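Thanks, everyone, for making the time. Let me put the model up, and then I will talk through its fold and its packing.

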Amino acid sequence: MLLSAAPRAGGSFYRIGAIARHNGIIRLRDPGQMISYIAMPMVLMLVLKPLYVQALDAGATQVATGLMVMFSVFAISLAGNSILSERTWRTWDRLRVSRAPAVELLVGKTFPIFLVMVLQQTILVIYGVLVIGLPLPREPWWVAVAILVWAFALLAIGAALATIVRSHGELSVISDVGALTLSSLGGALVPLSIMPEWAQIAGHVSPGYWALTMLQAAVGGDEAAMVLPGAVLLAIGLVAGAFAARRLTLGWGRDRLM
């Protein structure tokens, strides 16, 4: 049994790797969207830093982590487009008739985007430390963990959206409006403590709130404060990922739905 399981596992990794390499090449050939999600928060951090520093005690931390969370949410459209493009090109059914099950297709399509999201957030953290005045994390390891957890949650949400929407325009509207709403309610632009009471209550529903709480705790070296938001984001990612895999398994993402 063990001998027969090994080839199956090897075949699974091979299929996932082949799909991931193909999508990695596509992403490298069209890097404009990702570059904008790195450059725009850099410019805004620099412009808004004086305002935040004067208004808040931890102004540099707020502007760096807040804009990082906001523009990382915008990146969910990258994950969604990686799946939706196959439906637009009428090639999704060809992938479905291959030996790769839905879970392998999902992992292979989204893994390059996961690496892009991790790279985006890592660059913004380094920029925040070197340019904006973000305190140097006492335990960089925990910042890396926070980035990985948040990227996983975003990736799963983007994949789930791709199995629901019918066009790139629909995905763009949902991801852009959702990014502004969730990140703003989560305290990315203004700390939750100075927002209206209704917004403070609603903010706890936003994944952006948990991401911001986790990242700020990681920067401050407070590992205990990372546990709850990290668990919430992992749960969101697992539920969204299972939802996406289920829809793809049932064939609800086929071309005929376009």
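I will begin with how the values were obtained, then turn to the helices, the interior and one spot on the surface.

This is a predicted model, so local features need pLDDT of at least 70 and side-chain atom pairs count only at pLDDT 80 or more, while totals for chains, interfaces and linings use all residues. Residues are numbered from 1 along each chain as its sequence is written, and side-chain values use heavy atoms, with hydrogens and water left out.

The protein has eleven helices and zero strands, where helices (H or I, at least four residues) and strands (E, at least two) are DSSP runs numbered from the N terminus. Buried residues, meaning those under 20% relative accessible area with a 1.4 Å probe and protein chains only, make up 48% of the 258 residues.

In the interior, the largest nonpolar core, a set of buried Ala, Val, Leu, Ile, Met, Phe, Trp, Tyr and Cys residues joined through side-chain atoms within 4.5 Å, has 58 residues, and those with the most contacts inside it are Met45, Met117, Trp150 and Leu233. Helix α7 (140-162) is among the elements that give two or more residues to this core, and α7 gives the most, with ten residues. Leaving aside neighbours within four places in sequence, Leu233 is in contact (heavy atoms within 4.5 Å) with Val149, Trp150, Ala153, Pro207, Trp210, Ala211 and Met214. A second, separate core of ten residues includes Ala159, Ala240, Ala244 and Leu248.

Finally, Val131 lies in helix α6 and is partly exposed (between 20% and 50%), with a relative accessible area of 36%.
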